[in-house]
Amino acid sequence: GEGELAMASVAPEVEKKEEEEQVVNPWEVSAGKGGIDYDKLVDQFGCQRLDAALIDRIARLTGRPPHRFLRRGLFFAHRDLNEILDIYEKGDKFYLYTGRGPSSEALHLGHLVPFMFTKYLQDAFKVPLVIQLTDDEKFLWKNLTVEESKRLARENAKDIIACGFDVERTFIFSDFNFVGGAFYENMVKVARCVTYNKVVGIFGFTPEDHIGKISFPPVQAVPSFPSSFPKHFSGNDQLRCLIPCAIDQDPYFRMTRDVAPRIGYQKPALIESRFFPALQGENTKMSASDPNSAIYVTDSTKDIKTKVNKYAFSGGQDSVELHRKLGANLEVDVSIKYLNFFLEDDDELERIKKAYKEGRMLTGEVKQLLVTVLSEMVERHKRARARVTEEVCNIICYHIHLVLYI
Ligand code: TRP
């Protein structure tokens, strides 16, 4: 290979000591007071920055305005996105691959981000999509039974379908149900190329970790290869793959890209996002294991109001007088960060930020706006989910004979 791993060769243990706080891997995201240093992450992981020229190119090629997640730098890094756009410009297609580890009954707002963005990409480029539900991963990492992991996968699938994917072009699968055949053949091809030392370097496994963890990465790697889905892609083995994901998943795909050319496959391209912050602030991401850090798609408007008012970290001043004088610190204000993700109107967002920063708007007023935006979104999601019947779920999920429309 041409050294996908060169920039990432420092073992996580060493990294932790040198840099003090920042830890980002698929299982842990934490930073110091200043929040995650995304610039450092890009350099450390060896990915590329998603610049304005690339965003313009996406807009030009798709004939639509870039998604707000692009306009606002929330998807901020990539690998070989230019190559995917070259292919598309020539009139050829590619496919999208993303996934979710079903660790909780309901999704929270942070979980929705990659799926909202993937829906935009699918609509804009009219391309097929595979979604992996890693119920096996959650069995291995969380204290769940096989049955419970599978049940959560199916519940999560309904929330994912509710995001509105193109039924003709989308395949959602649970690892427990689907792994086998060509998919498994690719897994062992990948596994033979990765030494124990290499996974330790990439993922930071320790000698105490069970071998289930150590052997899992090929499972998440191989949906990057179309030959893992011989029926769905009916032999279209040259199709390139683009993976939208949060940047904590990068280690899996660094490994995948390192191995791909050695087994005669194309490297997947990536488009990577920042994390959706916890209500408490930017030093960690929203986590399903701490219900007070997260707003769920099952929360009522009342729940949302309570959580936002009680927990959303405020950049406002301690007293109204002081706030009027000094204004808010937008850098740390969680309500502004959430509006940045979900308020579509750029002009309105700018107006709010300016007024809040100059002390003309109070935290309470910003929070009230946020509650409206979030509850509208959550209510829309609930209505869409209620329309997802068992039948639709059966067609999109676990439907192993579906040929995807390319
Ligand atoms: N490991 C991811 C999680 O825990 C799930 C996942 C599987 C995924 N394949 C993916 C995420 C591809 C992004 C892209 O949520």
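Q: Why is Cys245 called buried?
A: Cys245 has a relative accessibility of 7%, and buried means under 20% relative accessible area (exposed is over 50%, partly exposed lies in between, with a 1.4 Å probe and protein chains only), so Cys245 counts as buried. The model is predicted, and local features in it need pLDDT of at least 70, side-chain atom pairs count only at pLDDT 80 or more, and totals for chains, interfaces and linings use all residues. Residues are numbered from 1 along each chain as its sequence is written, while side-chain values use heavy atoms and leave out hydrogens and water.

Q: Why is Cys47 not taken to be bonded to Cys245?
A: A disulfide is a pair of cysteine sulfur atoms within 2.5 Å, whereas the sulfur of Cys47 is 9.4 Å from that of Cys245, its closest cysteine sulfur, which is too far for a bond. Cys245 is likewise in no disulfide, the nearest cysteine sulfur being that of Cys47. The structure as a whole holds 0 disulfides. Cys47 is itself buried, at 9% relative accessibility.

Q: What makes β8 count as largely enclosed?
A: Strand β8 spans residues 240-246, a strand being a DSSP run of E with at least two residues (helices are runs of H or I with at least four), numbered from the N terminus. Of the 7 residues of β8, 6 are buried, so the strand is largely enclosed by the rest of the structure.

Q: How do you know that β8 and β9 pair, and in what sense?
A: Two strands pair if DSSP finds at least two bridges between them; β8 and β9 have 5, in the parallel sense, so the criterion is met. Cys245 has Glu272 in β9 as its bridge partner, and Ile243 stands opposite Leu270. Strand β5 (residues 94-100) also pairs with β8 in the parallel sense, over 3 bridges, with Tyr95 partnered by Cys241.

Q: Which pairings does β4 make, and in what sense do they run?
A: With strand β3 (residues 48-49), β4 shares 2 bridges in the antiparallel sense, and the bridge partner of Arg49 in β4 is Ala77. With strand β9 (residues 269-273), β4 is joined antiparallel by 4 bridges, and His78 stands opposite Ile271. Strand β4 itself (residues 75-79) is mostly covered, since 5 of its 5 residues are buried under the definition.

Q: Why are β3 and β7 placed at the edges of the sheet?
A: The open sheet has 7 strands in the order β3-β4-β9-β8-β5-β6-β7, with mixed pairing. Both β3 and β7 (170-174) have a single partner strand, so one side of each is left without a neighbour in the sheet.

Q: How do you know that the buried residues of α15 line one face?
A: In helix α15 (residues 301-311), Ile304, Lys307 and Val308 are buried. Seen down the helix axis, the buried residues fall within an arc of 95°, the arc being that of the directions from the axis to the C-beta atoms, so they line one face of α15. The face turned away from this side carries the exposed residues Lys302 and Lys310, while the cover over the buried residues includes α19 (363-386).

Q: What makes the largest nonpolar core a single core, and which residues touch the most other members?
A: A nonpolar core is a set of buried Ala, Val, Leu, Ile, Met, Phe, Trp, Tyr and Cys residues joined through side-chain atoms within 4.5 Å; the largest such set has 75 residues, of which Leu109, Phe342 and Leu374 touch the most other members. Helix α6 (residues 109-125) gives the most to this core, with 9 residues, and at least three residues come from each of domain 1 (25-276) and domain 2 (294-383), whose bounds come from an automatic or database domain assignment.

Q: Why is Lys158 called buried, and which residues is it in contact with?
A: Lys158, in helix α8 (residues 146-161), has a relative accessible area of 9%, so it counts as buried. Contact means heavy atoms within 4.5 Å, and, leaving aside neighbours within four places in sequence, Lys158 is in contact with Arg385, Val388, Glu390 and Cys393.
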